[in-house]
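Subject: The structure we talked about

Hi,

Here is the structure I promised to pass on. Have a look at it first, and then read my notes underneath.

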Amino acid sequence: MKQTARGRRNNFKKGNTYSGNKGKAQKKQLYQSKKKAWQIVDEEIVSLKARYDQINSSEIKNFTDIPLSKKTLDGLKYAKYETPTDIQREAIGLAIQGNDILGAAKTGSGKTLAFLIPVLEHLYQLKWSQLDGLGALIISPTRELAYQIFEVLRKIGRFHDFSAGLVIGGKKLQEESERIHRTNIVICTPGRLLQHMDETACFTADSLKILVLDEADRILDLGFAQTMNAIIENLPSERQTLLFSATQTRSVKDLARLSLKNPMYVSVHENAQHSTPTNLEQSYVVCELHEKLSFLWSFIKNHLKSKVLVFLMSCKQVRYVHEAFCRLRPGIPVLALHGGMNQLKRVAVYNQFVWKQHSVLFATDIAARGLDFPAVNWVLQLDCPEDANTYIHRAGRTARYETDGEALLLLLPSEEEAMIEQLKAKKIPIDKIKVNSKKLQSIQPKLEANCAADPSLKEMAQRAFVSYLRSVFLMSNKAIFKVLDLNIEEFARSLGLAVAPKVRFLKREQKRIADKEANKNGTRDSERGSKLKRIHSDCEKEDEEEEENEEEVTDFETGSQSEHSESDSESESENVWVTQGLTGAKKCQNITTKLKQKENVKQLSDSTKRKGSFVQESDSDFSEDASDSDVDDSDTSDSGHFQEFRTSKITAGSNKLDARKDDVSIQKMGTGTFKFDVDEDEEELFTVKKRNVDIESETDDSQVEDQHKRDKQKALTKAAIAKKVQKKNLKVNKKVVFDEEGEAIHDRLKTPQASKNIVGDEEAVGGIDIEMARRRMKEEDWVDKQLFREKIKKKHKEERLKKKEERRAKMQQNRADEQEEDEGNEVVLEGEESEVNPLDFIPDPDEIYGPEKSGDELSEASENSMDDEENQEPYAKKRKISRHEKDNDEGMSEEENFDGKTAVSEVEEEDSDEDLNDIEEDLMEDTGLDLQTDEAIALRLLQGKR
Ligand SMILES: Nc1ncnc2c1ncn2[C@@H]1O[C@H](COP(=O)(O)OP(=O)(O)OP(=O)(O)O)[C@@H](O)[C@H]1O
């Protein structure tokens with residue numbers, strides 16, 4: 001039986017034992033147990049903190065030796081991380097105690113965990129919850145790296161209750177905005193973060209507790225300077241800051257910008273013999289520029305069972321080499337990764353290269369830092385890196401965490417000396433190897449044939465050509481990068497181009513250098529002087545030519561840019577947001593899997609469009625592709641594979657850890673206690689390495705080129721177009737029709753005929769004068785009607801003439817018949833004269849004028865069409881009626897006809913005069929008889945009437 005509320009209250013009052021009381025007891029128990037859970041957390045935190053003082057990095061063998069929360073240890077165990085690496089052993093202990101850290105360690109040494117573990121621990125210590133908002137911010141220079149860090153965090157943080165979000169460009173801002181304020185750990189790229197700081201109203205970093213910069217030297221260099229300064233302004237000064245990189249900055253100004261407090265400099269390999277991993281074998285080859293592609297082809301053909309990462313200088317080179325090699329079918333899957341690709345494709349290519357066993361990835365420097373592609377056998381730097389640091393990061397994509405790897409650098413003869421000097425200065429052991437150039441397999445003829453057959457490929461080659469030269473030209477280290485020493489004709493041919501495309505900036509550079517030399521030496525040397533003059537005039541001529549063509553170029557560029565924005569918007573439309581509680585990892589995997597599937601379908605359709613590449617894929621590695629898509633199809637297989645792989649790596653290399661121990665150096669960087677080693681690169685940090693570059697993910701030429709495009713487009717404002725049009729005296733939107741002789745046909749009906757003074761008056765007033773406009777319209781109206789009338793008149797005249805001709809012909813025929821008849825009558829009708837009508841000789845007026853009509857018939861006739869006019873009489877009367885009719889038809893009554901009344905009557909008078917003349921003419925001609933007969937007829941008629 002159901003008990004009422006009152007009944008329950010009574011029961012309570014009576015102290016009856018009732019299930020309600022039981023419930024209360026249960027509640028109390030539950031509350032106590034919950035309280036116990038909190039207590040457990042509190043107790044754990046207290047005990048952990050108590051152990052902090054006893055941390056001794058040299059005694060740490062396993063992660064369990066570090067005072068870490070159970071949730072973190074569980075996560076590490078789940079991700080199969082057991083033994084910490086050097087940097088982890090040294091940095092984690094200091095970081096969990098709240099110190100600011102400057103962490104430096106070789107590439108592939110596990111810096112990611114060295115900052116992720118302290119992030120989790122810090123928030124755990126503070127008992128951070130979803131309601132507390134943003135607690136930790138991890139900034140990475142590239143989207144791929146941010147994505148990778150997010151993946152690691154997902155694994156090791158899965159037992160914590162924090163929410164984490166990946167905030168990178170190329171995704172829907174709106175959806176990020178809706179979630180970002182609820183996210184505890186944000187992993188982001190600088191540009192996108194600043195965008196949220198500026199545009200997302202509910203996003204604030206006021207509660208931030210810990211800031212991490214991965215690849216800190218890159219984030220703090222000039223490429224990100226403005227963005228980072230703006231971000232730092234929005235962050236609370238009371239926070240912990242961790243900076244990590246393989247090439248750590250110790251620039252005083254950088255550290256001052258971040259307002260670090262007594263930072264600890266943790267450099268585990270500072271005293272090591274080399275700055276690159278010990279398992280990394282490094283060598284370089286000197287190669288001519290025009291031999292590079294053939295070298296690359298030969299290299300790939302010799303390493304079909306390897307995983308190779310090839311670095312090029314610019315996006316356009318990557319694009320072209322990838323496309324060209326796809327068509328040549330090397331027998332191994334070839335991929336491309338560069339900043340010009342949409343985000344979805346970037347993620348897909350990244351994952352493909354992670355999973356493929358044998359493949360070649362052509363990439364720009366967006367893949368140079370931090371990316372942890374497993375089992376890369378070779379890193380081939382086809383184009384010289386910007387500096388030694390970039391070399392270290394690029395080469396570091398192989399030989400990661402205890403694995404072996406090889407790095408090969410290609411240098412031009414002009415680059416060799418200065419670059420090798422830089423590398424040696426950075427403690428990079430690199431040996432020169434020689435390649436027998438006769439053994440190189442030349443692909444130039446094939447590239448030439450392909451470019452000749454496909455204009456789009458040729459265009460790609462041209463773009464690659466220009467972008468390479470531009471990149472070299474923009475490099476700050478002129479001791480290495482000597483653009484004017486390059487044989488550009490040969491380089492163009494090696495790309496498959498028949499001739500080298502014009503490169504404007506090179507001409508300018510030549511001109512600049514020529515000017516400089518002329519200033520230095522004076523122009524006394526006449527031979528030299530004339531040579532310089534020649535360069536000058538060449539340059540000027542080309543400049544002029546190009547300026548003339550500028551309009552076309554701008555159009556072309558606008559087109560290409562819109563193409564680009566189209567692809568951007570395409571990527572924007574795809575949502576890659578993967579924010580979630582760390583415990584809900586599956587959801588995120590689903591999203592990633594779906595993205596991969598989509599991208600695979602897209603890529604497959606792309607490749608079917610491109611004949612060669614599809615065949616190549618199917619020839620060499622289609623089965624592998626298929627298996628990849630199988631992996632993508634499976635719901636949660638992603639992390640499974642990943643873990644397995646890493647586990648094998650851990651076991652393989654765990655015994656090597658001790659060998660590195662001696663290298664560890666930790667320095668306290670407090671203001672008073674520590675003297676900063678002012679970085680020798682400090683000056684370099686504050687010089688522009690690439691001009692006109694303000695980018696987020698990479699410094700390649702595409703952005704520089706985009707900047708150029710934007711600059712050019714700026715000139716094409718509406719005002720500029722208007723000026724141009726005015727200058728050329730062009731009338732906008734004017735259609736000119738030409739006749740067969742090529743003369744322009746002026747249609748008076750379409751051109752305004754209103755008197756000029758009316759327009760002038762209006763302009764003089766300076767605004768819209770309604771009266772004036774009305775007058776002008778009336779005048780236009782009047783002119784129109786006149787034109788129409790003229791046209792109709794002309795038409796009528798033509799018709800009349802035609803009819804006249806017909807009548808004349810008819811009369812002549814009649815006359816001829818009559819004559820025949822007369823002759824015949826003279827013979828036949830003798831004696832019948834009395835019966836003959838005396839007026840028979842007169843032509844039948846009905847025949848000539850048509851039958852006489854009544855007034856009714858006349859008015860009826862007036863309603864008929866113009867064609868009927870000729871059949872009616874009397875002419876003058878009928879015409880008059882028709883005219884009025886016509887006027888009425890046109891809606892032009894006299895009353896309506898403003899002051900044009902006189903004009904109309906004038907026209908009428910003119911018309912009627914003309915008509916009378918016509919009639920007289922008609923009458924004179926119409927009888928077809930001679931004058932005497934006419935007179936006789938007239939007399940008889942008159943007599944008859946009387
Ligand atoms: N304690 C560990 N035990 C086993 N493997 C580890 C450990 N720490 C890191 N690794 C593995 O080492 C590899 C390199 O780690 P990570 O990417 O963090 O290196 P890094 O120092 O950040 O490299 P880079 O300087 O290139 O960014 C990863 O595959 C990672 O899974």
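Below is what turned up, going from the whole chain to the ligand and then to single residues.

One thing to keep in mind from the start: this is a predicted model.

**The chain as a whole**

If you try to count secondary structure elements, you should end up with 35 helices and 18 strands in the protein chain. The chain has 946 residues, and buried ones make up 46% of them. Its exposed surface comes to about 50600 Å², with 50% of that supplied by carbon and sulfur atoms. Now take the contacts in the chain with a separation of 6 or more: residues 24 or more positions apart account for 79% of them.

**Around the ligand**

Zoom in on the ligand next. There are 23 residues around it, and those that come nearest are Thr83, Gln88, Lys111, Thr112 and Asp372. What is the make-up of this shell in nonpolar, polar and charged residues? The split is six nonpolar, nine polar and eight charged. Two helices to look for here are α5 (111–125) and α25 (637–653), since each supplies at least two residues of the shell.

Some side chains put an N or O atom close to a ligand oxygen, and you can check the distances yourself:

- Tyr81: 3.0 Å from a side-chain N or O atom to an oxygen atom of the ligand.
- Arg397: 2.8 Å, again from a side-chain N or O atom to a ligand oxygen.
- Arg400: 2.8 Å, with a side-chain N or O atom and a ligand oxygen as the two ends.

How much of the ligand does the protein bury? Taken alone, the ligand exposes 630 Å², and the protein buries 97% of that.

**Helix α5 again**

Helix α5 also has residues worth a look for their packing. One of them is Ile117, which lies in this helix. Is Ile117 buried or exposed? With a relative accessible area of 0%, Ile117 is under the 20% cut-off, so it counts as buried. Leaving out residues up to four places away in sequence, Ile117 touches Phe63, Leu68, Thr72, Leu76, Ile92 and Ile156. You can also pick out Gly75: it is 42 residues from Ile117 in sequence, while their C-alpha atoms are 9.9 Å apart in space.

**Aromatic pairs**

The structure holds eleven aromatic pairs. In one of them, Phe115 and Phe244 sit 5.7 Å apart, centre to centre, with 50° between the planes, which makes the pair tilted. This pair links distant parts of the chain: Phe115 is in helix α5 and Phe244 is in strand β6 (residues 240–245), 129 residues apart. Both partners are buried, Phe115 with a relative accessible area of 0% and Phe244 with 1%.

Another pair is made by Phe353 and Phe373, and it is edge-to-face, with 4.9 Å from centre to centre and 80° between the planes. Phe353 lies in helix α14 (residues 343–355) and Phe373 in the loop between β11 (359–363) and β12 (378–381), so this pair ties together parts that are 20 residues apart in sequence. Here too the rings belong to buried residues: Phe353 has a relative accessible area of 0%, and Phe373 is at 2%. Phe353 and Phe373 also belong to one aromatic cluster with Tyr147 and Tyr350.

**A serine in a strand**

Ser283 lies in strand β8 (residues 280–286). At 13% relative accessibility, Ser283 counts as buried. Not counting residues up to four places away in sequence, Ser283 touches Ala407, Leu408, Leu409, Ile430, Asp431 and Ile433.

**Two backbone oddities**

Last, two residues other than glycine have a positive phi. Ser259 has a phi near 40°, and you will find Ser259 in the loop between α11 (252–257) and β7 (264–267). The other is Arg329, with a phi near 50°, in the loop between α13 (315–328) and β10 (334–337). Are these two buried or partly exposed? Ser259 counts as partly exposed at 36% relative accessibility, and Arg329 is partly exposed as well, with a relative accessible area of 37%.

Have fun clicking around!

How values were computed
Residues numbered from 1 in each chain as written. Predicted model: local features only at pLDDT ≥ 70, side-chain atom pairs only at ≥ 80, totals over all residues. Heavy atoms only, no water. Near = heavy atom within 4 Å. Polar contact = N/O pair within 3.5 Å; in protein donor to acceptor, adjacent residues only side chain to side chain. Areas by Shrake-Rupley, 256 points an atom, 1.4 Å probe, with all protein chains shown as cover. Helix = DSSP H or I, 4+ residues; strand = E, 2+ residues; numbered from the N terminus. Nonpolar A, V, L, I, M, F, W, Y, C, P; charged D, E, K, R; others polar. Buried < 20%, exposed > 50% of the residue type's maximum accessible area, 1.4 Å probe, protein only. Contact = heavy atoms within 4.5 Å. Phe/Tyr/Trp six-rings, centres within 6.5 Å; stacked < 30°, edge-to-face > 60°.
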